[in-house]
Amino acid sequence: VLPGNELRNYQGIPSGPIPDDLARQLKHGYYAAISYMDAQLGRVLDELDRLQLTRNTIIVLVGDHGWKLGEHGAWCKHSNVENDTHAPLLISVPGLKSAGSRSNSLVEFVDIYPTLAELCGLTPPGHLEGTSLTPLLDGRVTQVKNAAFSQYPRTVKGKKLMGYSMRTERYRLTRWVLRDDPSKVDAVELYDEQSDPQENENIAGRPAIAALVDKLTAEWLSGWRGARVK
């Protein structure tokens with residue numbers, strides 16, 4: 001299966017590599033779609049203002065995934081790389097003193113529910129994996145968790161694998177395990193987001209950083225509970 005298999009379902013898309021002229025056309029269409037969406041969101045926000053609902057309405061804008069436009073020789077989504085797992089998240093809260101600011105803190109979509117619950121004065125169920133972002137939104141803290149998690153499967157030479165990925169402030173660790181036996185690790189990827197933000201060089205196998213791989217693996221094993229900032 002070629003990277004970006006979803007794209008192959010559309011008319012006029014070749015089964016092989018995407019030619020440069022078609023790639024430019026696809027990017028043009030993608031950016032046009034973003035511009036159109038921005039305009040529609042503006043209409044919604046204008047209507048909230050007109051109806052005088054802005055002052056008591058929490059707004060959350062979220063994209064369900066990132067998107068590749070030829071990076072890594074691939075298109076669309078469906079992977080564990082930064083392009084696919086880094087997605088938009090904007091939260092507007094009436095009366096927020098930090099309105100208009102942005103944060104580089106790691107957050108996840110599972111954080112949206114507990115965040116809305118706290119902002120609305122509700123008590124969320126105790127089994128939630130997410131963490132309320134309210135302390136981050138009102139400026140009390142600069143970080144609520146040390147890692148964010150994602151997963152996506154793939155099949156390699158008949159082996160059905162699940163990729164579990166952990167993104168820390170500096171690194172992305174992805175462990176590929178057999179879907180029918182998660183105790184068996186088929187491959188490991190590690191990328192330094194500081195020196196290699198496009199994730200072009202897998203450094204997991206370097207003997208010099210074996211201790212780092214062990215440390216990150218331990219963090220990965222501790223999961224979302226271990227990632228919460230105490």
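**Exercise 1. Find the backbone oxygen that lies 3.3 Å from a polar side-chain atom of Asn 80, and then place Asn 80 in the fold.**

Step 1. The oxygen belongs to Gly 163. This is a polar contact (an N or O pair within 3.5 Å; within protein, one atom must be able to donate a hydrogen and the other to accept it, and residues adjacent in sequence count only if both atoms are side-chain atoms).

Step 2. The Asn 80 side chain also reaches the backbone oxygen of Tyr 152, at 3.2 Å.

Step 3. Asn 80 sits in the loop between β3 (75–76) and α2 (82–85). Helices (H or I, at least four residues) and strands (E, at least two) are DSSP runs, numbered from the N terminus.

Step 4. Buried or exposed? Asn 80 is buried, because its relative accessibility is 6% (buried is under 20%, exposed over 50%, partly exposed in between; 1.4 Å probe, protein chains only).

A note on the model: it is predicted, so local features need pLDDT of at least 70, side-chain atom pairs count only at pLDDT 80 or more, and totals for chains, interfaces and linings use all residues. Residues are numbered from 1 along each chain as its sequence is written, and side-chain values use heavy atoms, with hydrogens and water left out.

**Exercise 2. Work out what Gly 163 stands opposite, and describe the sheet.**

Step 1. Gly 163 faces Trp 176 in β7.

Step 2. Seven bridges join β6 (residues 159–167) to antiparallel β7 (residues 171–178); strands pair if DSSP finds at least two bridges between them.

Step 3. The open sheet has four strands, ordered β5-β6-β7-β8 with antiparallel pairing.

Step 4. β5 (148–156) and β8 (181–192) are the edges, each with a single partner strand, so one side of each lacks a neighbour in the sheet.
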